[in-house]
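Let's walk through this structure together, one region at a time. Keep the sequence and the 3D view side by side as you read.

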Amino acid sequence: MNFRIKTAIHALKGAAQKNTPLCAYIYDLPALAEHAKGMVEALPKNCELYYAAKANPEAQVLATLAPIVDGFEAASGGELAWLNACEPDVPLIFGGPGKLVTELEQAVNLGVQAIHVESLTELHRIEQICLSSGKICTVMLRMNISLQGLPSTKLTMGGKPTPFGFDESELTQLLEAVKQSKYLVLQGFHFHLMSHQLDRAAHLALMALYFKTFKHWCELYQLDVPLLNVGGGIGIDYARPEQLFDWQAFCADLNELIKDFKLTETTIRFECGRYVSANCGYYVMQVLDIKKNHGQYFAIGHGGTHHFRTPAAQNHDHPFFVCAGEAEQSQYSDFAYPEIIRQAVTLVGQLCTPKDVLASQQYVESLAIGDYLVFSQAGAYAWNISHQNFLMHAPPVIHFID
Ligand SMILES: Cc1ncc(COP(=O)(O)O)c(C=O)c1O
């Protein structure tokens, strides 16, 4: 894999203008396709995989995933329009808090598979839209249930007071409202209680809680609904990137769990983002300068957190490797460019803020000006979550290996 990335780096550098150090995102599309196919193939028969496009909505990423996944999840009108324009044949679902009336109209007009409803107000607005257009809308109810002692992760959206989903105490009223409506069709329930899940057993326990709750509600309210959406949330261990969440083993256990709960006739839908696309992306900064300050080395790369906010957003040291570049030659015999040999170095960008750090005090065998810092696991919540306009630096080159 690194060979493909190194080849791409050298090709990009070859094509770049003289005196323009490289700054690029490289996406390995064959690797993305292989990973996504593996995910889908491992799933139990009654499960579906939707891709949460918020993780990375690049058109080429969507085109790679379109023939593999069951659909895309959109979280705004902008995403709905973009996903529909890029891949008009791929089924869409629409979720997220604070949807505009115009966005709800857009979703109803597009005929999305389901709108994930987040509040009674939203349900009422969809009803109004359907009433005036005469259209029917399929809805899923997003529920925020108690975690019942299950472990949470560093990004937990439910099991506690949050703006996401319905409180269980509203369920009777909600179901009554849907029942009274001529336009709303209840398809099932939606849960997305946490992201960044690294613990397979904990995630399986979460699935068991969803299954138990779903069965209980179906019995209690005599519901015959076809679908249970179990959200996304599978994490990437940025501190130990080689420790991939064992999706195959998770799916094997999930298969047993589905049988235990007698849910083989219910469609179970995943809407994963990070775990699908994180590993296909690389952010590359060529080293511009190396300096020592108050006893510590710093390498300043061409780029920074305005392109790649992931480490700052998640407060971690991002995994990287060094790819040898072209050493800059000094015109003067009495000046030697600084180099780092077997030392710890902090990798920073070009922004005038001490927060522009991608990895802190990392050991390197050697690092010179002109070398490439290649940050892996940069294919999800990376370029698209970054504050790109800050300082008006040029954007990175975006390159797709296909
Ligand atoms: C409702 C919902 N579904 C799916 C996802 C995707 O989560 P992840 O990227 O952790 O798989 C998110 C992420 O925030 C979400 O809010």
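Gln377 sits in the loop that runs between β18 (372–375) and β19 (397–401). In this predicted model, the backbone at Gln377 has a phi near 50 degrees, a positive value in a residue that is not glycine. Is Gln377 buried or exposed? With a relative accessible area of 8%, Gln377 is buried, because the cut-off for that label is under 20%.

There is a second residue to set beside it. Lys262 is not a glycine either, yet has a positive phi of about 50 degrees. You will find Lys262 in the loop between α9 and β12, and this lysine follows α9. Its relative accessible area is 67%, so Lys262 counts as exposed, whereas Gln377 is buried.

From Lys262 we can step back into the helix that comes before it. Helix α9 covers residues 247–260, which is 14 residues. From its first C-alpha to its last it reaches 20 Å, close to the 20 Å expected at 1.5 Å a residue. Which residues of α9 are buried? They are Trp247, Ala249, Phe250, Cys251, Leu254, Leu257 and Ile258. As background for reading such a list, an α-helix has 3.6 residues a turn, so residues three or four places apart point the same way. The buried residues of α9 pack against several elements: the helices α2 (29–42), α8 (200–220) and α10 (274–277), together with the strands β2 (47–52) and β12.

Now zoom out to the whole chain. The domain assignment gives domain 1 as 2–26 + 279–401 and domain 2 as 91–272. Taken over C-alpha atoms, the centres of the two domains are separated by 39 Å. Where they meet, eight residues of domain 1 are in contact with six residues of domain 2.

The largest pocket brings these two domains back into view. Why does it lie between domain 1 and domain 2? Both domains give residues to its lining, so the pocket lies between them. It holds about 510 Å³ of space. There are 29 lining residues, and the closest to the pocket centre are Lys54, Met157, His192, Ser195 and Tyr381. Three elements each give two or more residues to the lining: β7 (155–156), β12 (267–272) and α11 (310–314). If you are thinking about the chemistry of that surface, the lining has 11 nonpolar, 12 polar and six charged residues.

Two buried residues round off the tour. Ala8 lies in helix α1 (residues 2–15) and is buried, with a relative accessible area of 7%. In sequence, Ala8 and Phe400 are 392 residues apart, but in space their C-alpha atoms are 9.0 Å apart. Leaving out residues up to four places away in sequence, Ala8 touches Ile26, His399 and Ile401.

The other is Thr346, which has its place in strand β16 (residues 339–348). Its relative accessibility is 4%, so Thr346 counts as buried. What is Thr346 in contact with, leaving aside its neighbours within four places in sequence? The contacts are Gln296, Tyr297, Phe298 and Ala299, along with Val357, Ala359, Ser360 and Gln361.

Methods: Residues numbered from 1 in each chain as written. Predicted model: local features only at pLDDT ≥ 70, side-chain atom pairs only at ≥ 80, totals over all residues. Heavy atoms only, no water. 1 Å grid on protein atoms, 1.4 Å probe; cavity = no way out; pocket = protein on both sides within 12 Å on 5 of 7 lines; lining within 4 Å. Points joined across faces, edges and corners; volume = space filled by probe spheres on them. Helix = DSSP H or I, 4+ residues; strand = E, 2+ residues; numbered from the N terminus. Nonpolar A, V, L, I, M, F, W, Y, C, P; charged D, E, K, R; others polar. Domains from an automatic or database assignment. Expected span 1.5 Å × (residues − 1). Buried < 20%, exposed > 50% of the residue type's maximum accessible area, 1.4 Å probe, protein only. Contact = heavy atoms within 4.5 Å.
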